Structure formats: structure tokens, C-alpha cells
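Let's take a walk through this protein, starting with its pockets and then stepping back to look at the whole fold.

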Amino acid sequence: MTTQLTHHKIILDTDPGGDDIYAFLWLLSLVKQGLVELVAVTSADGNVPVKCTFSSASQILNLAGFPQIKVGRGVPPKREIIEDATHIHGLDGMGNLSHTLPAATHTIEDAPYSDELIINELNAAPGEITIVAIAPLTNLAAAETKSPGILKKAKEIVIMGGAFFCAGNVTPHAEFNIWFNVEAAQTVFNSRDDIVVLPLDVTRHLIFTRDMTVAVTQANPNSKLSQFLRDLCEFMIGTALGYRETAGIPGLLVHDAATLGYLFYPETLMLKRAKIQVETKGQWTLGQTLIDSRPAPKTAANAWVALQVDEDKFFTSFIEDLKYIFISAKL
């Protein structure tokens, strides 16, 4: 049986680091196949500062042949940023490889803020656009605060974030995207009752290996895109092994790609209905995501949470789709 893929209109909210870029390229490969309309990319402050995430988003779009897609300028978080993830993703979020790519053509000074872009696009096409959020939720929360109820106009909101029955990756209890702006996360979870969440519970099983990178680039090995992905893979493998993220397997965790697995290959995931709450005050548990698993009626669920993934089926689809963008790469 072949999987029936559904056409989606998507806004990608991202703070390009290494795993964001793998998800970004997967999404663009689906665009090239005519399966997705990428309405806009909204950059966010997170893995690296917003000027870097904005320019990285522009560079990836240019490299893949989509310079016409709009890029939003990230909304600054209200609280002081204690820590970013440059130690994982490099100073530019791209393994310190941004200088090897075509220059950004989008200009941050002329770009709309990401919350305004989200508001405008959802108002223009209510019920049609899925938001794929693979960054801290600052932009989404800002849009909801500025225009209450706006997030209900999205067809669906799919988030990579949280850690429920496993350890966090930025503190013992918290996952980075939620921890980075806990108030924003709680605002988004309060905005509607059907948010889909892909947490560390499943993404820690998604190890993209060096051999997988070779497999997707071999059709066009001399392109700039292929060279970039191979170099990024090596950089991210180095940090993944250094921080003991992959149990010694030479690969990187493609956390953010789980969102597209859910949208396009939902048979690879098992989800649970839940009420998600975010710890916004705790000294030791700030950013922890909580669900109630006690055997009592759940009357206020606000999300679907993925707790199991079929890694083999996931990567079979991911790799075959990703090849498409390299076969057609012009750079």
C-alpha cells in the first residue's frame, strides 16, 4: 500500500540550527514535488540570535532555489536570554558554514515581524494554513497576544517541543524550545485544544547517520547543496557525540523533522490525547512539560502528544523524499 500524501499550505516557524535545516530541506523537497505550498518562513530567536536565524533561513531558501518565499523577522523574547545553543549548532546555527553558501537576499530591516506575518497570512486564508513550529514559540505567542484567537485560524499547529517521560536536553527536566520562552509556550498551548506535539520522547530515536547523508546526496554529489549537507552532518555528528546524544552512534538527532513525519507519514507515530501544562515558575523545573497520566477522566485536553515512533518507516520516507531536492539542485 502506498501512502497518500495530502497537499498542505504551511508556515514554517524556525530558528535554523542543524536539525532545523534537515527539516527545512525535507519540507522544500516536498514543495518541489508539488505536495506543499510554503506560504512563508518565520524566523525566531532561539538556537542562535534572530539576525542569524533570519539570514540562515534566507540562505537556505536561496540555495534550494526558493528566493521568492517570504521570511519574517523574529520577535524578541521579553525575558533575558540566559543561554542559546551556539555550542551545539555553531555561532551561525549552521555549523559555521554560512560563509560557504550564497548570500542572503532577504533584508531583515525590510522584513515584516514574524508575528505580523502569521496574523496576516492566517487572516487571509483562515482554516487553510498549518503552522509547523520547530523553534521557541515566541512568534506564535506574540501573534496570539496581539490578535487574540488568531491561532485558531490555523488549520493545525504542529510543534517540536517538550519532554514528558524522558530527561530534558537543556535542563534535567526541560526541552530547549519550551524552556527558551516558557510563557510563550503556555500561551500557545492555551490557544486551542488540538495542538500536535512531537517531544524528545520520540525525537531522541531519530538518529540521522553519515550513511544516510551520503544516500541523499549521491545523486548530485558535487552540488553546493550536497557539500553543505555533508559538512553540516560532520559538524553535527561531532557535537552529538561530544554531548553523548546518540549513544555513540555517528549521527545527529533530527528532532524537528518529526513534525513533517507526522504531517506526511502519520502511520509512523503513535499519539496520545493529553492536557499539556508548562512549568513557568520553578527554580529547578522551569520549562518542564507535564501531562496527567492518572486513570481519571480528562476533560480539558489541549493537545495530541507523540510518544512512539517507527524509526525504520520514518527514515525510509524521509530519505527518499530528501533525495528529490538534491536530484533537482541547480547549485
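**Pockets first, then the whole**

The residues lining the largest pocket split into 12 nonpolar, seven polar and eight charged. Bear in mind that what you have in front of you is a predicted model. That pocket holds about 460 Å³ of space. It has 27 lining residues, and if you want to find its centre on screen, go to I88, H89, N169, F176 and E245, which are the closest to it. Which elements give two or more residues to this lining? They are α1 (18–32), α3 (86–89), α6 (176–180), α10 (224–242) and β8 (251–253).

Now move to the second largest pocket, with about 250 Å³ of space. Here 13 residues make up the lining, and K78, T138, A141, A142 and N181 sit nearest the centre. Two elements give two or more residues each to this lining, namely α5 (138–146) and α7 (182–189). Of the elements involved, α5 gives the most, with four residues. Sorted by class, the lining of the second largest pocket comes out as six nonpolar, four polar and three charged residues.

Time to zoom out. The protein carries 12 helices and 12 strands. Its C-alpha trace spans about 55 × 45 × 45 Å along the principal axes. How does the radius of gyration sit with a compact globule? For 331 residues, such a globule would come out near 20 Å, and the protein has 18 Å, so the two agree.

The burial and contact figures add to the picture. Of the 331 residues, 58% are buried. Take the contacts between residues at least 6 apart in sequence, and 83% of them join residues at least 24 apart. As for the outside, the accessible surface comes to about 13,500 Å², and carbon and sulfur atoms account for 54% of that.

Let's finish at a single residue, P295. You'll find P295 in the loop between β11 (289–290) and β12 (303–309). Is P295 buried or exposed? Its relative accessible area is 88%, and the cut-off for exposed is over 50%, so P295 counts as exposed. For a sense of scale, try drawing a line from P295 to T105: the two are 190 residues apart in sequence, and their C-alpha atoms are 54 Å apart in space.

Methods:
Residues numbered from 1 in each chain as written. Predicted model: local features only at pLDDT ≥ 70, side-chain atom pairs only at ≥ 80, totals over all residues. Heavy atoms only, no water. 1 Å grid on protein atoms, 1.4 Å probe; cavity = no way out; pocket = protein on both sides within 12 Å on 5 of 7 lines; lining within 4 Å. Points joined across faces, edges and corners; volume = space filled by probe spheres on them. Nonpolar A, V, L, I, M, F, W, Y, C, P; charged D, E, K, R; others polar. Rg over C-alpha atoms; globule rule 2.2 N^0.38 Å. Buried < 20%, exposed > 50% of the residue type's maximum accessible area, 1.4 Å probe, protein only. Contact = heavy atoms within 4.5 Å. Areas by Shrake-Rupley, 256 points an atom, 1.4 Å probe, with all protein chains shown as cover.
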